[in-house]
Amino acid sequence: MTPILGIFDSAKSGNLYQTSYDSISTQTVSSLVSSVTFSSIPQTYTHLQLRILAKTSRGAGPDILCVRYNGDTGNNYADHLIYGDGSTVSPDKDTSYPQQNIHRVAADDVNASIFSPFVIDIFDYTNTNKFKTLRSLGGYDANGSGRIAFGSGLWQSTSAISSITLFSAYAESWKPNTQFALYGLKVA
Amino acid sequence: MPSTYTPIASTTTTTASSAITFSGISGTYTDLVLIMSIRANSTPTSFGTGVRFNSDTGTNYSRVVAYGTGSATASFTSSNQSRIFFSAGPTAASTFNVIRLNIMNYSNSTTYKTVIARNDDSSDVTSMTAALWRNTNAITSVTITPFDDNATGFAIGCTFTLYGIKAA
């Protein structure tokens, strides 16, 4: 199969843009690990996409998937999301926070074979004139319970993103078979 | 870096159709993305589509859904279902319902298979879904079936495209 060359038709300029979608790096967890970091991210793409299937060791309830960039632990992050829990749709947010909370992730409180998928797009990650913004879609279903959410996240830094760390809000560990895959999208 | 996001197969309906199946899906990729643009062949009072894996008709599917109609929001779960159901409602001429499914780690044999999806019906509702197939088998086929109370199937011009994404 030949990889797709997507073509986006720009309504403003009338130009056609060819894109590529490349696999940069993948980390599959084989034993409990507290965090996963993608470092030395190539600066040659336009956008990044993380595709995740994850589960943590938290036994007391669902966990939360969190993101930091470039090792920054300052209160430079914010996020907003809308989620459904099977009963109601609700908003949530964090401001001036030390990490981006993406959303609930399956943990040890549900069946061992249930993992949470997430697709996270990080836009213009090398642009040094913008704060960095992501959008996310993710959650899990556990046959009668679960969560689904989409959200946005802000890192108030104009630095290019060169590393991404993914961890549990409750300092739990990623379970074996958790997988984090990083892709780069290039607009030629 | 290896390029990926590869079109595996695509179908456009040229007659009213009752089911679309992508079979013989290899385990070459890491994730699958299925994009459907659908509408009913008639004007039913209710319409939707069901997705099944490996022809499993057992009650092994479930979902949690959140949606907005423009004036209200709601969320619900459906457990022990015989397929992953997506409602679809365009009735205006030339309007199609677009559903994009991410089927994660479809070929591993250790986890249940989970789908996250966006369902955009520009005339009625937008929704997001997390769905579960309680089976650890690798997915080798995907069947998409219409559900409408007139039983007339998918309209001409519906498209179904399956992509594969391979992690390095």
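## Exercises on a two-chain predicted model

S113(A) touches T111(B), Y112(B) and T136(B), leaving aside residues up to four places away in sequence. Keep in mind that you're working with a predicted model.

### Exercise 1: Place S113(A)

Work out where S113(A) sits in chain A, and whether S113(A) is buried, partly exposed or exposed.

Solution. Start with the secondary structure: S113(A) belongs to the loop between β8 (100-105) and β9 of chain A. Next, count neighbours. There are 17 other C-beta atoms within 10 Å of S113(A). Buried needs 20 or more, and exposed needs 12 or fewer. The count of 17 falls in between, so S113(A) is partly exposed. Now look along the chain: A142(A) is 29 residues away from S113(A) in sequence, with 9.9 Å between the two C-alpha atoms.

### Exercise 2: Describe the A/B contact

How many residues of each chain are in contact, and which element of chain A supplies the largest share?

Solution. First the totals: 41 residues of chain A are in contact with 42 residues of chain B. Then go through the strands. On the side of chain A that touches chain B, at least two residues each come from β2 (16-28), β4 (47-54), β6 (77-84), β9 (116-123), β10 (132-141), β11 (146-155) and β13 (179-187). The largest share belongs to β2(A), with seven residues. Finally, sort that side of chain A by residue type: you get 17 nonpolar, 19 polar and five charged residues.

### Exercise 3: Find the partners of β11(A)

Decide how enclosed β11(A) is, then track down its pairing with β6(A) and β10(A).

Solution. Burial goes first: eight of the ten residues of β11(A) are buried, so this strand is largely enclosed by the rest of the structure. On to the pairing. β6(A) and β11(A) run antiparallel and share eight bridges; to find your bearings, take G84(A), whose bridge partner in β11(A) is I148(A). β10(A) is also antiparallel to β11(A), with ten bridges joining them. Here D141(A) stands opposite G146(A) of β11(A). β10(A) and β11(A) form a hairpin with four residues in between, and N143(A) in that turn has a positive phi of about 55°.

### Exercise 4: Do likewise for β3(B)

Which strands of chain B pair with β3(B), and over how many bridges?

Solution. Note the setting: β3 (residues 31-38) of chain B is mostly covered, with six of its eight residues buried. One partner is β12 (residues 159-165) of chain B, antiparallel over seven bridges, where D31(B) is bridged to I165(B). Another is β8 (residues 97-103) of chain B, again antiparallel and joined to β3(B) by seven bridges. In this pair, I35(B) has R100(B) as its bridge partner.

### Exercise 5: Read the open sheet

Give the strand order of the four-stranded open sheet in chain B and explain why one side of each edge strand is left without a neighbour.

Solution. Write down the order: β2-β11-β4-β7 of chain B, with antiparallel pairing. Now check the ends. β2 (20-22) and β7 (84-87) of chain B each have a single partner strand, so one side of each has no neighbour in the sheet. From one strand to the next, the twist averages 20°. Zoom in on one edge: β2(B) pairs with β11 (residues 142-148) of chain B over three bridges, in the antiparallel sense, and F22(B) stands opposite V142(B) in β11(B). As you step along any regular strand, remember that side chains alternate between the two faces of the sheet.

Conventions:
Residues are numbered from 1 along each chain as its sequence is written. Chains are lettered from A and ligands numbered from 1 in the order in which they are written. This is a predicted model: local features need pLDDT of at least 70, side-chain atom pairs count only at pLDDT 80 or more; totals for chains, interfaces and linings use all residues. Two residues are in contact if their C-beta atoms, placed from the backbone, lie within 7 Å. Ala, Val, Leu, Ile, Met, Phe, Trp, Tyr, Cys and Pro count as nonpolar, Asp, Glu, Lys and Arg as charged, and the others, Gly among them, as polar. Two strands pair if DSSP finds at least two bridges between them. Axes are lines fitted to C-alpha atoms, for helices over the stretch in contact, and angles run from 0 to 180 degrees between N-to-C directions.
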